[in-house]
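This report looks at the enclosed space inside one protein model, and then at its overall make-up and its cysteines.

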Amino acid sequence: MQLSKYFILIPIISLLCYCILLMILLGSRKNKIAIYYIYYIISMIIWSFGSAIMRTGLPPSVIFWNHILCVGLISMPVIFYHFTLVLTDTINKNKMLLFGYICVGVLLVCNFMGLIINEVYSLNNIIYYRLGSVAPIMAIWSLYFLLLSFKTILSTVKSNKIPFVRVKYILYGLSLVIIGGLLNLFPKIGRYPIDIILNTINASFIAYSIYRYRFLKIKLIVKKRLAYSLYTLVLTGVYIVSVILVQQILIKLIGDTTITSSLILAVFLAFIFQPIKDIIQHFIDRLFYREKFNHQILFRDFSNTINNQLNLNELTNSLLEVINKGIQPKKVYLMLRNDKEEYSAFESSTQKKYNQIGRAHV
């Protein structure tokens, strides 16, 4: 069986990822960042949905589902640009946005008139197409707004309004989107779902940045849903890909495989995947519950220290260190009372220096 027959899995997995992200965003507090990121995710859902159905050959026709795909493809650059403006709190760009949305309307009309894609058909889940006369114009227009998005974020970083670390993954992901868009200009490359893969990575980068740097306040129960959904999705994806790859290797070595041998292979890989499952679960737990894990480690280490340490100064230093690492204050002051009703004041700083700064009698 040709490996190309499994290409349909890529847009399906992408569609699942976007649906999960949409569920997370719908469960968050609706500020402007959340709203325009939701619009971006919806455009990508349309894109990946059209790509998946187009490869199945379901009615009414491949060209119809290609038109649906192009609805997401056309709307995405301007929506993403709008999202970056909201994210960076950039103003005075209303005229450019209006121009972009007008162009979206014009390009959508051209799309359904067949001026962007003249001909398209699917063979073994590989898409073959012929570009229309408006396709180069749309490519230049899309690239312009994606580069404008990149410039907007980069300018905000250079002006020190947003630290680079908070938006670096968004910039990395946007670079992938630009590359994926350019590859579609070459039908021999664009027939493969490379753009879907790159856009899915971009959406994941944005989601991680939004969560990690708290652009949105997401409820704890939604965080749990995200963690378990991603865990299931990642594990299932890795397992399916592994089964496919091993099956292809066996076909080359021993010829065609039977249903029985495929089932035995699937069960065998399931046992092998058990430790991989634990590793992925641990990674996701650390990713989404990092602060909880760090605090647990701090408390565990401090408990070990107080159980094995009798020196008061060492215990004081350990306690101050735990407080510094746990809540990261500018300074911590600790007062210890002795038998003479005197208090010894200890001061800590971010340099992990703990000094006795004086005594007071009460």
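## Enclosed space

On a 1 Å grid over the protein atoms alone, a cavity is a set of points where a 1.4 Å probe fits but cannot get out, and its lining residues have an atom within 4 Å of a point. Points are joined across faces, edges and corners, and a volume is the space filled by probe spheres set on them. The model is a predicted one, in which local features need pLDDT of at least 70 and side-chain atom pairs pLDDT 80 or more, while totals for chains, interfaces and linings use all residues. Residues are numbered from 1 along each chain as its sequence is written, and side-chain values use heavy atoms, without hydrogens and water.

Searching the whole structure gives two cavities of 30 Å³ or more, and the largest holds about 520 Å³ of space. Its lining consists of 35 residues, with L73, M138, G181, N184 and D195 nearest the centre. Elements that contribute two or more residues to this lining include α3 (62-87), α5 (135-158) and β2 (126-131).

## Chain overview

The chain has twelve helices and five strands, taken as DSSP runs (H or I of at least four residues; E of at least two). Of its 362 residues, 42% count as buried, meaning under 20% relative accessible area with a 1.4 Å probe, protein chains only.

## Cysteines

With a disulfide taken as a pair of cysteine sulfur atoms within 2.5 Å, the count is zero. C70 is buried at 2% relative accessible area, and C103 also counts as buried, at 16%.

Technical notes. 1 Å grid on protein atoms, 1.4 Å probe; cavity = no way out; pocket = protein on both sides within 12 Å on 5 of 7 lines; lining within 4 Å. Buried < 20%, exposed > 50% of the residue type's maximum accessible area, 1.4 Å probe, protein only.
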